[in-house]
Amino acid sequence: MICVLSPGIDLVPVLIMFSGIPQSNLVSVATPASSGFGDTVVSPVIPAHVPHSVKAVVFDQRLTFLKKYGSSFLAYSSLQEGLDYYMQPDCGYIPYSLIGKDNTVPVCLGDPICPADRSQEIIKNFLERYDYPVFFHITNDMAHILSEMGFSVNEIGTEIVVDLQRFTLTGNKMRFLRKQIHKGRRDGLVVKEQLCSEVGEDVLKAISEQWLHKKVVHNQELSFVVRPVVYGDEMDVRIFIAYKDDCAVGFNIFDPIYRGGQIIGYVPNHLRATNEGNYSIQDWISFEAMRVFKQEGKEILSLGFCPLYKINDSGEFRYSRLLKTMFQFAYEHANYVYKFKALAFHKSRYRPGLDGCQETKVYCAYKNPARFSLLPEIVSLMGINVVEQIVGRLTGR
């Protein structure tokens, strides 16, 4: 049986009855770890029933697939509110949003969440409902699968990934990052891992408001590729708070990355601070979290997506030269829409290419190149209003 589900349907009671998944599976208990300050940070325990901000659409069943097969960096983002789901109950699901005239074009978020050897099967079934979907932010493995199925594939950017067990700050090339730590320590910054409910929604929102005011996209939260921030306790999500003089000045929220039912790493979904000063509070929080994750035996930390960074489609896949040119032009000349270069430069400070840090390409795939006439809608789906940003630039706002 195959189901196409929209966010308004409440099927949780039915799924809990038939899924056979015990409530205890929804409890996350993390191992206590040293904070790096000489004390101990005890990772908070999330209760079995978590008031999630997502709609209750076969939530239990999606969690089962997510924990088994959600190894891509955006897999946890498939739980965000507002997405539709193509569910194949014996296999997995495809998260997507509809755009275009009459909402007929699905933009799929990341790789299908299913066994790797059944990806082609679930995509073929999905194509019976939607002829020309767009797959956005997919891995190289998925790009190969879709290419074999007749899709064209373009690079859309780069993901920078830290090997937590090998990454080191030693060496001349890591001098800048070491300075961030030293400056934060001298400034009296203290990092604690806490539940959102312990910190308080008002505190986190106040930090977010100050942070958003400084951004190019400052009038609304990003979405889709960036899972909207949830000011509440979530399953397996961890938050580290920076304090200066007992006042919260920044936070990083880390989403889990799963493999085979285990958490193997994290991706920082939101990094926010009230005032950078002469060092990066977000980096300083990340270093502290990395130490904790490493001591817990976690494998990786994704530093997140660098849109349009190092796009150089070289012929590995059939691709659109026009789209490649558009992306390269936007990276060079449209930083008033989004700070492509600043984001890439900052993450490159972690020195991908050195031992313990690497870059991985991120792709989009499509069957009909004409679908990218909808590119402005895809960008809008991510919370970026291109027209508004252009007007703001011209008017000095």
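**Reading helix packing in a predicted model**

Tutor: In this predicted model, α9 and α10 pack with their axes 7 Å apart, at an angle of about 85 degrees.

Student: How is that angle between α9 and α10 to be described: roughly parallel or roughly perpendicular?

Tutor: Angles of 65 to 115 degrees count as roughly perpendicular. The angle here therefore makes α9 roughly perpendicular to α10. On the α9 side, the contact is made by Ala330, Tyr331 and Glu332. Phe340, Lys341 and Ala344 are their partners in α10.

Student: What span does α9 have, and what would be expected at 1.5 Å a residue?

Tutor: Helix α9 covers residues 321-333, which is 13 residues. From its first C-alpha to its last it reaches 18 Å, close to the 18 Å expected. At the start of this helix, the backbone nitrogen of Leu322 has a side-chain oxygen of Ser320 within 3.4 Å.

Student: Which residues of α9 are buried?

Tutor: The general idea comes first. An α-helix has 3.6 residues a turn, so residues three or four places apart point the same way. In α9, the buried residues are Leu323, Lys324, Phe327, Ala330 and Tyr331. Viewed down the axis of α9, the buried residues fall within an arc of 130 degrees, so they line one face of the helix. Arg321, Leu322 and Phe329, on the other side of α9, are exposed.

Student: What covers the buried residues of α9?

Tutor: The covering elements include three strands, β8 (152-163), β13 (300-307) and β14 (357-366). They also include the helices α10 (340-348) and α11 (375-381).

Student: Where may I practise on another pair, and how do the axes of α5 and α8 cross?

Tutor: Take helix α5 (residues 175-186) and helix α8 (residues 281-295), whose axes come within 9 Å and cross at roughly 100 degrees. These two helices are therefore roughly perpendicular to each other. From α5, Leu177, Gln180, Ile181, His182, Gly184 and Arg185 take part in the meeting. From α8, the residues they meet are Trp284, Phe287 and Arg291.

Student: How should one read a single residue, such as Arg272: is Arg272 buried or exposed?

Tutor: A residue counts as buried when its relative accessible area is under 20%. Arg272 has a value of 2% and is therefore buried. Arg272 lies in strand β12 (residues 262-273).

Student: With which side chain does Arg272 make a polar contact?

Tutor: The partner is the side chain of Ser208, at 2.8 Å. Sequence separation can also be set beside distance in space: Arg272 and Ile253 are 19 residues apart in sequence, and their C-alpha atoms are 8.9 Å apart.

Technical notes
Residues numbered from 1 in each chain as written. Predicted model: local features only at pLDDT ≥ 70, side-chain atom pairs only at ≥ 80, totals over all residues. Heavy atoms only, no water. Helix = DSSP H or I, 4+ residues; strand = E, 2+ residues; numbered from the N terminus. Expected span 1.5 Å × (residues − 1). Buried < 20%, exposed > 50% of the residue type's maximum accessible area, 1.4 Å probe, protein only. Arc of directions from axis to C-beta. Contact = heavy atoms within 4.5 Å. Polar contact = N/O pair within 3.5 Å; in protein donor to acceptor, adjacent residues only side chain to side chain. Axes fitted to C-alpha atoms, helices over the stretch in contact; angles between N-to-C directions. Parallel < 35°, antiparallel > 145°, perpendicular 65-115°, else oblique.
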